[in-house]
Each structure stands twice: as C-alpha cells, then as structure tokens.
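Biologist: I would like to learn how to read a predicted complex step by step. Could we go through one together, starting from the place where the chains meet?

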Amino acid sequence: MMKSGDHMINVLNMSELTKSLAEHGALRDESGYGVIATFQGAEHEYHALRNHVGLIDLSASGLYLISGEDFVEFVSSLLTKDIEFLDIEKTVTSLMLDEDGQIIDMVSVYRLEQAILIETSAARRDKVGAWLAERKSDGVEIEHWNASRTMIGFEGPYAWKLAQTIVPFDISSVPYQAFVEIELENEPIVFIRSGFTGEYGYKIIVPHHQAMSTWTQLKEWGEEEGELEIKVEPVGLEALEIAMLEVRQPCAQVEGNGLTVYEAAVQWFVSYHKEEYVGYNALQQQLQQESKQHLVGFTAANALSLQIGNAVMLSSNKVGRIVQLVYSPTLEKKLGLALLDDACAVSGIELEGINEAGESVVLHTVSSPYVLPKSWSIKMI
Amino acid sequence: MNTYEAGFAQAAERMALTSKIKEIIVQRLDMDIDPAFITDDQPIFGRGLGLDSIDALELLVAIEDEFGVTIFDDNMAVFGSVNKVADYIVSNTKAAS
C-alpha cells in the first residue's frame with residue numbers, strides 16, 4: 001500500500017470516482033486496479049462502519065452483464081450455487097471454480113428479467129472476465145458494465161436511514177439479498193440490499209457521470225438519533241476487511257488465495273445437490289480426501305508481533321499456519337484465521353503462534369461471528 | 001498450555017458436540033443434506049443455511065430437548081453459527097452443574 005500520488009494514479013486502473021478520492025487516501029494495488037485502502041485511518045473508518053454509516057467506493061469491483069437466449073444456462077454452468085430458481089430482483093453469492101476446483105472468485109449474482117449481472121472482487125475482475133470470455137457460447141452476450149457504471153456501497157447500523165433517502169418507498173420493504181431498478185435524479189440506477197459486515201448494507205450502481213455527485217450527496221447526509229449524531233464517513237478496504245473478518249465474511253484475497261473450498265470452509269456457497277458446473281468433479285475429490293486442514297478463527301491478546309505465515313503449534317507440534325491477521329478495535333485484540341489440521345480445527349482451544357523471532361504467542365480459537373454487529377439489535381422503523 | 005494429547009482430546013470433544021448440533025439441525029428441519037456439509041462458522045440464518053424465524057423456534061425446542069439448555073427467543077445471537085450454539089450449550093451446561 002502507498003500514499004496516493006501521481007505515480008500510483010497513472011499506473012493503476014481506476015474509475016473517475018476513485019481517481020477523485022485517491023487524493024484524500026492511500027491506494028492499494030488489487031491486481032492492477034486501484035482501491036482506496038484508507039482515508040483517515042482504518043480504526044477511525046472501522047468505527048464509522050460499526051456505529052454510523054461507512055461509505056465505500058466499490059467502483060473497482062467487476063460488473064459483467066450476461067444476456068442472450070442461453071444466459072441462465074451459461075451462468076449456471078460456472079457457479080457452485082443453484083440459480084435456476086433465483087427470482088427476478090434477487091441476488092445470491094456463489095463461488096466460481098476452475099476445472100481443478102480452485103476458487104476463481106466469490107461473486108454476487110443478480111437476476112434481472114432478461115439478464116444476469118455478475119459482480120466480482122476487484123482483484124479477480126480480469127480473471128473472471130477472461131473466464132467468462134473463454135467459456136462463452138454463441139447464445140450469450142457479455143457486457144462490461146464498468147465501462148459505463150460505478151458501484152458505491154454504504155454499510156452501518158444506520159445505513160437503512162441513508163438508504164431511505166434514495167428509494168421512493170418504505171426501505172423496510174426491501175428484503176436482504178434483493179434489489180430494485182429505480183431512478184435517482186432521473187437516471188436509472190440499481191439499488192441493492194446486500195452487505196459484507198453484518199451491518200445493514202446497501203449498494204447502488206449509477207451511471208459514471210452521476211458517481212461523484214451521488215458520493216457527495218451520500219457523504220453529506222447526517223441525522224440525529226437521540227444523543228447520537230449519525231455521520232457518514234468514507235471507508236477504505238482495510239476497515240472493511242476487519243469488519244468482514246469479524247463476521248467471518250469470506251474475502252477472495254484470503255479464502256480464495258490458493259485454498260481449496262474445504263480448506264476455506266466456504267461449502268456454504270455451494271448448493272449441495274447441484275452437479276452440473278465447472279469444477280464439480282474436482283470439488284468432490286477434494287471433499288473426499290482424508291488428512292485435511294481448514295480455516296478457524298483465533299484471537300491473540302499478546303502484543304508480540306505475529307505475521308501471516310507464522311506457524312501454529314499444539315504443544316510443540318506444528319498443526320497449521322496463520323493466513324489472515326488484523327487488529328479488531330471492538331475485541332481490542334489481534335483477530336485472525338489459521339489453517340489448521342482437521343483434528344484440532346475447532347473453536348474453544350488454546351494453541352501457540354510462533355513469530356519470526358521464535359517467540360510464542362498464545363492463540364485462542366473462537367466462534368463466529370467474533371463481533372456481534374450493532375445492526376442485529378436495531379430494527380428499521 | 002495444553003499437552004498434545006489433551007489438546008486433541010478437547011478438540012475431539014468439541015467436534016462431537018458440533019457434529020451432534022448439525023445432525024439435529026438437519027433432522028429437525030428435515031433438510032436434505034449431509035450434516036457434515038455444514039461448516040462450524042457459517043451463519044445459520046439468511047444466506048448461510050437459509051433458515052428463517054420459524055426454523056429458529058423449532059431449533060430452540062430441539063436444543064432444549066437434546067441438551068436440556070433453554071435458549072430464549074430474544075437471544076437470536078446464539079444462532080450466529082453452529083459454533084455459537086455449541087458455546088452456549090457448553091457455558092449453560094457448566095453453569096447448571
């Protein structure tokens with residue numbers, strides 16, 4: 001990660017919105033796409049997500065619209081989730097696997113009347129685009145929506161209040177994992193209820209020329225809730241990743257980074273009875289293997305430095321390694337994921353992390369969600 | 001710090017509990033999947049296992065029947081994951097003994 005400057009802005013592929021915002025933040029290179037890592041510091045932004053509303057530039061996420069007479073069959077053949085009965089204006093999250101059963105990306109799939117929209121992670125956007133092009137049949141058309149549209153997200157315990165300023169109907173009528181096509185300032189937009197952090201979460205897809213004015217409009221919103229003055233703060237990827245891990249929301253750059261579906265413990269993005277998709281046979285072989293490992297969450301109160309890749313031990317025997325590590329401001333501890341041998345990959349036990357200096361750090365495996373989102377105790381009015 | 005054997009024994013005990021919870025979920029809610037396909041940390045509701053509030057009430061009764069532990073219906077955080085259910089059973093079984 002580096003502070004934004006002309007060099008980064010010129011080298012990385014970015015939307016006009018990100019280019020504007022990059023002057024106020026630090027950029028991260030996500031496979032050639034520039035994403036704002038932080039604006040004012042991850043901890044400050046994290047508190048906005050967990051207590052107010054965090055505004056997120058999602059313009060680097062890939063958006064591919066699949067249409068044509070075979071669009072459902074084509075998309076279905078590439079997804080681990082069954083979408084045959086996915087209703088119009090509903091969304092689902094699925095894995096996209098290659099023929100070896102390796103995770104290409106975790107994608108959101110939006111069912112429109114005559115098309116399906118696929119949203120990718122920023123880091124896997126080109127990989128998914130290439131995969132779609134490679135597998136494409138004659139009865140399918142692919143439109144890269146990023147050429148004309150920008151996605152913006154906002155999440156937090158009061159995000160629904162901000163969402164209410166956009167939609168012309170009662171916000172509580174939009175269920176989780178649903179979306180609608182509406183107009184905002186006489187422009188067609190897609191309004192989605194779906195989030196990453198366990199808080200109320202929404203995304204909107206707007207025409208490029210409307211992106212900056214929409215961002216500014218959303219950012220300037222505020223309201224008093226009793227003694228609390230609800231604010232909207234721009235949030236970068238670092239804070240988002242902390243909040244995602246706290247509710248064990250998978251992230252393509254962690255769970256999809258060379259781990260199998262079983263190791264990443266993301267079988268819940270696979271429809272149990274679905275058999276017709278790329279990677280199915282390889283996935284079945286993975287699941288039948290003995291001697292396996294999978295991810296488990298852990299906390300570490302000790303301040304000694306741990307790093308990704310450090311060994312995890314049980315009574316001097318190596319049982320795994322650390323694959324993700326953040327500081328959780330709510331827990332006031334390090335929070336991470338370790339890839340552990342199945343025989344000890346459970347919550348509620350004590351292990352050791354061994355850092356580069358050979359020092360031992362006590363790790364406690366823990367149960368997800370590691371932090372209870374405030375939104376779980378707030379009802380929309 | 002755990003000894004090697006004690007650590008594995010503790011893990012095995014925990015796995016037995018989470019496996020039993022998964023079996024109960026599948027049986028009581030008449031789900032047509034292998035219980036082992038459910039992961040310990042996935043959300044039970046919404047996009048996790050796709051259960052709803054009616055299923056939650058069925059699970060409250062099932063947990064009480066099987067483990068003698070009462071979960072109140074205003075404490076839905078317990079159903080954050082199979083692991084959270086297991087934590088609740090362990091802590092409330094200990095508290096009662």
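**Reading the two chains**

Modeller: The contact between the chains takes 25 residues from chain B and 25 residues from chain A, where two residues are in contact if their C-beta atoms, placed from the backbone, lie within 7 Å. On the side of chain B that touches chain A, the elements that give two or more residues are helix 1 (4-28) and helix 3 (82-96) of chain B, and helix 1 of chain B gives the most, with seven residues. Helices (H or I, at least four residues) and strands (E, at least two) are DSSP runs, numbered from the N terminus.

Biologist: What should I keep in mind about the numbering and the confidence of such a model?

Modeller: This is a predicted model, in which local features need pLDDT of at least 70 and side-chain atom pairs count only at pLDDT 80 or more, while totals for chains, interfaces and linings use all residues. Residues are numbered from 1 along each chain as its sequence is written, and chains are lettered from A and ligands numbered from 1 in the order in which they are written.

Biologist: How many helices and strands does chain B have, and what radius of gyration does chain B have?

Modeller: The radius of gyration is taken over C-alpha atoms, and the globule rule is 2.2 Å times the number of residues to the power 0.38. Chain B has three helices and zero strands, running α-α-α from the N terminus on. For its 97 residues a compact globule would have a radius of gyration near 13 Å, and the 14 Å of chain B agrees with that. The C-alpha atoms of chain B fill a box of roughly 45 × 30 × 20 Å along the principal axes.

Biologist: What does the same reading give for chain A, and how many of its residues count as buried?

Modeller: Chain A has ten helices and 22 strands. The radius of gyration of chain A is 21 Å, close to the 21 Å that the globule rule gives for 381 residues, so chain A is as compact as a globular protein of that length. A residue is buried if 20 or more other C-beta atoms lie within 10 Å of its own, exposed if 12 or fewer, and partly exposed in between, with C-beta atoms placed from the backbone. By that count 51% of the 381 residues of chain A are buried, whereas in chain B buried residues make up 32% of the 97.

Biologist: How do I read a sheet, and which strands stand at the edges of the six-stranded one in chain A?

Modeller: Strands of a sheet pair through backbone hydrogen bonds, either parallel or antiparallel. Two strands are taken to pair if DSSP finds at least two bridges between them. In chain A, six strands form an open sheet in the order 11-12-13-10-4-16, with mixed pairing. Strand 11 (178-184) and strand 16 (232-235) of chain A stand at the edges with a single partner strand each, so one side of each is left without a neighbour in the sheet. From one strand to the next the twist averages 25°, with axes being lines fitted to C-alpha atoms, for helices over the stretch in contact, and angles running from 0 to 180 degrees between N-to-C directions.

Biologist: Which pairings show the mixed character of this sheet?

Modeller: Strand 10 (residues 149-155) and strand 13 (residues 201-207) of chain A pair in the antiparallel sense over seven bridges, and Gly153(A) stands opposite Lys203(A) in strand 13. Strand 4 and strand 16 of chain A, by contrast, run parallel and are joined by four bridges, with Val235(A) in strand 16 as the bridge partner of Ile56(A). From strand 16, Val232(A) and Pro234(A) point one way and Glu233(A) and Val235(A) the other way, and all are buried.

Biologist: Where does the largest nonpolar core lie with respect to the domains of chain A?

Modeller: A nonpolar core is a set of buried Ala, Val, Leu, Ile, Met, Phe, Trp, Tyr and Cys residues joined through C-beta atoms within 7 Å, and domain bounds come from an automatic or database domain assignment. The largest core has 120 residues, and those with the most contacts inside it are Val53(A), Leu95(A), Ala159(A) and Ala338(A). Helix 8 (residues 237-246) of chain A supplies the largest share, seven residues. Domain 1 (2-61 + 147-246) and domain 2 (290-366) of chain A both give residues to this core, so it lies between them. A second, separate core of 17 residues includes Ile38(B), Leu59(B), Ile63(B) and Phe79(B).
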